[in-house]
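Trainee: I would like a close look at a single part of this model, namely the nonpolar core and what lies around it. Could you take me through it in one connected account, with the cut-offs stated as you go?

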Amino acid sequence: MASMGALAFDEYGRPFIIIKDQDKQKRLTGNAAIKSHILAARTVASTLRTSLGPKGLDKLMVSADGDITITNDGATILKMMDVDHQIAKLLVQLSQSQDDEIGDGTTGVVVLAGALLEKAEHLLDKGVHPIRIADGFEMAARCAIQSLERSAETFPLDVNNLEPLIQTAMTTLGSKIINKCHRHMAEIAVNAVLAVADMETRDVNFELIKVETKVGGQLEDTMLVKGVIVDKDFSHPQMPKVLRNVKIAILTCPFEPPKPKTKHKLDVTSVEDYKNLRKYEHEKFEEMVQQVKDSGAGLAICQWGFDDEANHLLLQRELPAVRWVGGPEIELIAIATGGRIVPRFEELTADKLGYAGVVKELCFGTTKDRMLVIEECTNSKAVTIFIRGGNKMIVEEAKRSIHDALCVVRNLVRDNRIVYGGGAPEISCAIAVAKEADSIKTLEQYPFRAFADALESIPLALAENSGLNPIHTLTEIKARQVAENNPALGIDCLCKGTADMKEQHVIETLHSKKQQILLATQVVKMILKIDDVRSPDDGY
């Protein structure tokens, strides 16, 4: 590897480095570098600011090949934005980590990080050292989280009373495009998670929840299937469309005669040879179908295809079959039906078969699109959410929204403490942090107050996006929170006439809120610690 520079000494013997190609590089140092980073991060955050809350606006993104995505999911917007600046990429990763860990709050975490950097810039202009700002922010974040834990309430997690869980899922879906039927969607999300949740270990296996989509119909047609939906149909149109109490053979071997594995050549020189070959193939097909029938199977699901001859034989022998079923789907069918995946016909036995109460073919619209539904399985834990919608964009956005709702319900199963939404937790944290700042004698009191101001950017954005007067609304709610000592007072985005989020049933998980504050603070601290940037002159 070529050396990046050379070590030299001045006349006093002090070492310094001569860096290669210095004239071709651009360098930013000190506060100029930090301010350049802050500007980039604030630009990204301001893009997302208008997407926050139930009245937040959507963004339309066009990819290089002309595909259109309309969404207000923060992680999706940032993932699809063409971001060049390295610090802006950090914010993209920030929203992605919030999405991976929590699944919700991806917009809020970026807006908070942008606000913290904006306040940090004012402190830098006053001459406060970046490290003191970063340390002050970290202390303030700890103080905010203590305030959150004090105001958090334990959530009643009762399988017989799903209403509180549904209200929480509705809060998540309130800001999405699907909010016209968001109670229906919330119920689906709650029932799906509870179907696969293990209440003893407080864990949810998302592998067992499959989301299938089909353009057509309307959002209200979305349904939860206690089983598996496969985007396939029976291999022959004359096979029965509904099977009941059926045993299923799950095969990863093709219905075709065995071939030598090495390169081979078969010379058919006479009619007799050809007839023998046809007879051999036919006998092999007969044998394979008989092996499946002998095991007691009433349906064969095959990972690979089979030709028309095998298909016709299956129909004659009254063995319905499905071909070209993908690997992940085959695994899910095996889990749901309690069957074993069989790699060879010789290994197929009755104890390896799966069981389903109903296997039926659904038909859609005038295009005769068909899908296969496998219900009433042995293992009822595997479920499928089947989303319908007017066009591809609505269906895709509904899928993203359902994912957020599933994540929130899962978080409540894991940790059932909640706070009330609508900017209420941020306002109560801001009050607590500002109060704590008064008792600090060191320079950190300035970053503390800046942190409190940054927290208020979330309720300000909520009020602004809802068409309210931001400053007036925030001041009024803040004064009421102090006077009434009620941390559930937030921004009345939906104009329901009450600012009490407890009455409006606007609920967020404590885990999500804590993670937002911690992640935003960590990223801001990292950005403030960068004071020297070296890049090619045509970059940046």
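Mentor: What follows begins with the chain as a whole, turns to the core and its surroundings, and ends with a buried glutamate and a few strands.

This is a predicted model, in which local features need pLDDT of at least 70 and side-chain atom pairs count only at pLDDT 80 or more, whereas totals for chains, interfaces and linings use all residues. Residues are numbered from 1 along each chain as its sequence is written, and side-chain values use heavy atoms, with hydrogens and water left out.

The chain holds 17 helices and 21 strands, where helices (H or I, at least four residues) and strands (E, at least two) are DSSP runs numbered from the N terminus. Its radius of gyration, taken over C-alpha atoms, is 30 Å, while a compact globule of 540 residues would have one near 24 Å (the globule rule being 2.2 Å times the number of residues to the power 0.38). Along its principal axes the C-alpha trace spans about 100 × 70 × 45 Å. Of the 540 residues, 50% count as buried, which is to say under 20% relative accessible area, with exposed meaning over 50% and partly exposed in between (1.4 Å probe, protein chains only).

Now to the core itself. A nonpolar core is a set of buried Ala, Val, Leu, Ile, Met, Phe, Trp, Tyr and Cys residues joined through side-chain atoms within 4.5 Å. The largest one has 70 residues, and those with the most contacts inside it are Val110, Phe137, Val433, Phe451 and Leu455. Helix H4 (residues 106–125) supplies the largest share of this core, 11 residues. Not counting residues up to four places away in sequence, phenylalanine 137 touches Leu116, Ala120, Pro447, Ala450, Phe451, Thr521, Val524 and Leu528, contact meaning heavy atoms within 4.5 Å. A second, separate core of 45 residues includes Leu314, Val322, Phe345 and Ala382.

Leu528 is also among the residues touched by proline 130, together with Asn31, Ile34 and Leu124, again leaving out residues up to four places away in sequence. Proline 130 is found in helix H5 (residues 130–151), and it counts as buried because its relative accessibility is 12%. Its C-alpha atom is separated by 61 Å from that of glutamate 376, 246 residues apart along the chain.

Ile34 is one of the buried residues of helix H1, a list that also has Ala33, Ser36, His37, Ile38, Ala40, Ala41, Val44, Ala45 and Leu48. At 1.5 Å a residue, the 20 residues of H1 (residues 30–49) should span 28 Å, and the end C-alpha atoms are 29 Å apart, which agrees; the expected span is 1.5 Å times one less than the number of residues.

Glutamate 397, in helix H11 (residues 392–414), has a relative accessibility of 1% and therefore counts as buried. Leaving aside its neighbours within four places in sequence, glutamate 397 is in contact with Ile70, Thr71, Asn72 and Ile177. Of these, Thr71 lies with Thr69 on the covered face of strand E5 (residues 68–71), whereas Ile68 and Ile70 make up the uncovered face. Strand E4 (residues 59–62) pairs with E5 in the antiparallel sense over 4 bridges, two strands being paired if DSSP finds at least two bridges between them, and lysine 59 stands opposite threonine 71. E4 and E5 form a hairpin with 5 residues between them, and glycine 66 in the turn has a positive phi of about 90°.
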